[in-house]
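Visitor: I have a model open and a few labels I'd like to question. Could you walk me through them?

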Amino acid sequence: MHKLEQITDGIRKVFDARTSARDHALAQARQLTRACSLAIRAVHRDEADAMNAQLQEARQLADTLRASLAAYPDLFYAGYTQDALKEFVEANVTCALIRNEPLQTPEELVVEPSTFLNGLAEVVGELRRRILDILRHGYSPEAERLLSYMDEIYSILVTMDYPDAITNGLRRQTDLARSIIEKTRGDITFSLRGEHLTQAISKLSAQLNNDQPTD
């Protein structure tokens, strides 16, 4: 039985190391998610410096997360890790599209293809949020520009017809994106019609004032 004790002691050491790595990764994943959320909030507020600072912090946290799990690939591909990296993709793509800057590739972000696509799908919701903020002040061509990005994202996602085991549940995200885009298109159409109506009323009012007889 002495040999059995040696075996189980070795197992405990392995489990202790894995548990420590997992706990550390969970903490880093939470920090990464928070930094990404703050970057998105900053871009919606047009706070470029804060956005860049949070994106830089997110990059460092993502690099650290990957490095800390290099010896534990099963933990790296666990849900919480990839979810945090998905948020990393969402933050970078959202900030780039809103600011009309070039997108980074999955290789540049150092993420898996499925993680990139799922992050891309979630960008649609953030673009809708931006569009609604714009429409509160009236119709703007900027809303149309962002809607065109939403359409382009969906047209790409819908072609990724692969099993969920490969895409990590992308199909559900694609269906959700389509619903968000349809609602947003309706909102923009309604706003544009309101803009046209306001212009027509203003024009008619001006004509009526010009037609008033003078004393």
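Guide: Here is a short round of questions about the labels used for this structure. Bear in mind that the model is predicted.

Visitor: Fine. How many helices and strands does the protein have?

Guide: The count is 9 helices and 0 strands. Read from the N terminus, the elements go α-α-α-α-α-α-α-α-α.

Visitor: Why is Thr 174 called buried?

Guide: Buried means under 20% relative accessible area. Thr 174 has a relative accessible area of 6%, so it is buried. You'll find Thr 174 in helix α9, residues 170-211. Leaving out residues up to four places away in sequence, Thr 174 touches Tyr 154, Leu 157 and Val 158.

Visitor: And what makes Arg 22 partly exposed?

Guide: That label covers values between the 20% cut-off for buried and the 50% cut-off for exposed. Arg 22 has a relative accessible area of 39%, so partly exposed is the label that fits. Arg 22 belongs to helix α1, residues 2-44.

Visitor: Which residues does Arg 22 touch, not counting those up to four places away in sequence?

Guide: Leu 75 and Tyr 80. Arg 22 and Phe 76 are also worth a look: 54 residues apart in sequence, they sit 9.1 Å apart in space, C-alpha to C-alpha.

Visitor: What share of the contacts with a separation of 6 or more is between residues 24 or more positions apart?

Guide: That share is 72% in this protein.

Visitor: How do you know that the span of α6 is close to the expected one?

Guide: Helix α6, residues 113-135, has 23 residues. The expected span is 1.5 Å times one less than the number of residues, which gives 33 Å here. From its first C-alpha to its last, α6 reaches 33 Å, so the two agree closely.

Visitor: Why is α6 said to be largely enclosed?

Guide: Because 17 of its 23 residues are buried, α6 is largely enclosed by the rest of the structure. For the protein as a whole, 39% of the 215 residues count as buried.

Visitor: What lines the largest pocket?

Guide: That pocket holds about 180 Å³ of space. Its lining has 15 residues, and the closest to the centre are Leu 55, Asn 92, Cys 95, Glu 101 and Gln 104. Helices α2 (48-68) and α4 (79-98) are the elements that give two or more residues to the lining.

Visitor: How many of the lining residues are nonpolar, polar and charged?

Guide: The lining divides into 9 nonpolar, 4 polar and 2 charged residues.

Methods
Residues are numbered from 1 along each chain as its sequence is written. This is a predicted model: local features need pLDDT of at least 70, side-chain atom pairs count only at pLDDT 80 or more; totals for chains, interfaces and linings use all residues. Side-chain values use heavy atoms; hydrogens and water are left out. Helices (H or I, at least four residues) and strands (E, at least two) are DSSP runs, numbered from the N terminus. Buried means under 20% relative accessible area, exposed over 50%, partly exposed in between (1.4 Å probe, protein chains only). On a 1 Å grid over the protein atoms alone, a cavity is a set of points where a 1.4 Å probe fits but cannot get out, and a pocket is an open set with protein on both sides within 12 Å along at least five of seven lines; lining residues have an atom within 4 Å of a point. Grid points are joined across faces, edges and corners, and a volume is the space filled by probe spheres set on the points. Ala, Val, Leu, Ile, Met, Phe, Trp, Tyr, Cys and Pro count as nonpolar, Asp, Glu, Lys and Arg as charged, and the others, Gly among them, as polar. Contact means heavy atoms within 4.5 Å.
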